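The following paragraphs examine how two chains meet, moving from the whole interface to a single pair of helices.

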Amino acid sequence: MLVLAGIVVIVAGFLLRFNPLLVVIVSAAVTGLAAGMPPLAILAAFGKAFNADRYVTVIYLVLPAIGLLERYGLQQRARAIVASMRGASAGRLLIVYLLFRQISAALGLISIAGPAQTVRPLLAPMAIAAAEAQAGTAAEGDERIPALAAATDNVGLLFGEDIFIAVGSILLMKGALAGYGIELMPFQLSVWAIPSAVAAFLIHGARLLWLDRRLGRRKALDR
Amino acid sequence: MIGLGAVYVVAGVMFVAFATLSLRARRLGHAAFYALLALSFLGGDRLGDIGNGVLVLGLVAIAGTGLLKRAPTPAVDAPPPRGNALFVAALVIPATAVAGTLAFRLLPSLVDPKQGTLVSLTLGVLVALAIGYAWLRPRAATPFVEGMRLMDTIGWAALLPQMLASLGAVFALAGVGDVVGRLAGEAIPQGSLIGAVLAYALGMTLFTMVMGNAFAAFPVMIAGIGVPLLIHAHHGNPAVVAAVGMLAGFCGTLMTPMAANFNLVPAALLGLGDRYAVIRQQVATALPLLAVNIALLYGFGFR
């Protein structure tokens, strides 16, 4: 029972707005001590896992290339290209992106897009430009459109990647079940990700169409 | 064989550049933070477990004392914007990632096939940088100055996923999963299938929200409820129980700031004033989707 104190630390530390990195390390210490681990063993276990998990943080090496291209006007080009497209709407743009992200993730191509690679330099500026054209006003300060662009990227990735048989979560499930003597092929697991992926597309896609209606109404009201 | 080691060297060199630039700008907290990350990527394997633990304490000390809170360095005047060829340079990164992932599967002796995508992505970044240098002729430091400004806006959130993954390792050693599972098992009314399904799916969602990652929640919930109750007692289909349970966890990922890489990092990168703006846009998708997953599990898992 006492080892659950670490979970309490996380929830309380977050609610009290301590720095989350600090909360995590305190939670590790509390959990380890409650389980009777010596302090140095806790430190070593955390350090070992931190070193093994470095791949989680390598994605930021795309930043210099993206930063360079943005400095020479990548975001402005992304906006201009959408402004020149007739009939482009924020909702339809994001639906196309959602489909692209789900299908590419289902093929195992997970790192080709993401907040740094595509959302900030391309998708968000494009969605903002389209929304401004639809509503007929500048969307300055309206954070909902860029936030929805990032949300669309997340939904597409999370509800696409599990269809790919060699993704981390499928291998984790296979390994965990094998520990109980249940042997499954990755394909048996990944096929059950398809219904949820379809549902994610329908639910999120419907919300994106709703966005188009809302933006169109705003323009009609302005007239 | 080219694998994660080469990727880590590239990341380490980038953080050395960030540290140097921060030091030159007299931003000592940032300089120390990036220097420790550089040390981790370049020398982590030689530091030993306790050495890596001390390195983490250093990173936490810098972030926890608010040394990363200083405003990002202001941008200097931008050069005249370029044309649509910028897209070509930008799309080189994903295109190389796709082509490399596929090509390296055929060359398992050259590139570790398990790391094909990360190696290809790194290669794509290097190609894009080479094109950028040759075409745009920026100063040598410009990509790193711009990259560092983006990294500064992300701040400590960049490290939260790796920290939570490490916390998961400590939780596993301490047996947290067994205790949570036992408690959940005791809380469910005997013989109630819908009770067990709800406890398992909602447990995945909530535990994912606490840990920021469905990977940490899955071993706990499958051990506590999934295998003993859903699969053994109620004869559930293991594939459905596992796969749909994981996706219920992903619904939690959409609703928690602990999943910093999905939720806080994009908000920071997009310069949104509300750190939770992305989460707010996701809740209305995540909750109905969670209901769909529970229905899928209940409807198809027990035939």
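Buried area is the accessible area, taken with a 1.4 Å probe, that two parts lose on being put together, summed over both. In this predicted model, chain A and chain B bury about 10,400 Å² between them, and 79% of that area lies on carbon and sulfur atoms. On the side of chain A, the residues that lose the most area to chain B are A:Phe50, A:Arg71 and A:Tyr72, which together account for 9% of what that side buries. In terms of contacts, 100 residues of chain A touch 132 residues of chain B.

Polar interactions also cross this interface. The rule finds 20 residue pairs in polar contact between chain A and chain B, counting pairs with both residues at pLDDT 80 or more. The number of salt bridges between the two chains is two. In a salt bridge, the side chain of A:Arg54 meets that of B:Asp45 at 2.9 Å, N to O. Helix α8 of chain A (residues 144-161) gives the most to the side of chain A that touches chain B, contributing twelve residues. By class, that side comprises 70 nonpolar, 18 polar and twelve charged residues.

One helix pair may be followed in detail. Helix α2 of chain A (residues 20-34) and helix α6 of chain B (residues 160-174) have axes that come within 9 Å and cross at roughly 10°. Because angles under 35 degrees count as roughly parallel, α2(A) is roughly parallel to α6(B). Among the residues of α2(A) in this contact are A:Leu21, A:Val24 and A:Ile25, while those of α6(B) include B:Met163, B:Leu167 and B:Phe171. The contact of α2(A) with α6(B) divides into twelve nonpolar, three polar and no charged residues.

Methods:
Residues are numbered from 1 along each chain as its sequence is written. Chains are lettered from A and ligands numbered from 1 in the order in which they are written. Side-chain values use heavy atoms; hydrogens and water are left out. Axes are lines fitted to C-alpha atoms, for helices over the stretch in contact, and angles run from 0 to 180 degrees between N-to-C directions. Helices (H or I, at least four residues) and strands (E, at least two) are DSSP runs, numbered from the N terminus. Angles under 35 degrees count as roughly parallel, over 145 as roughly antiparallel, 65 to 115 as roughly perpendicular and the rest as oblique. Contact means heavy atoms within 4.5 Å. Ala, Val, Leu, Ile, Met, Phe, Trp, Tyr, Cys and Pro count as nonpolar, Asp, Glu, Lys and Arg as charged, and the others, Gly among them, as polar. A salt bridge is a side-chain nitrogen of Lys or Arg within 4 Å of a carboxyl oxygen of Asp or Glu. A polar contact is a pair of N or O atoms within 3.5 Å; within protein, one must be able to donate a hydrogen and the other to accept it, and residues adjacent in sequence count only if both atoms are side-chain atoms.
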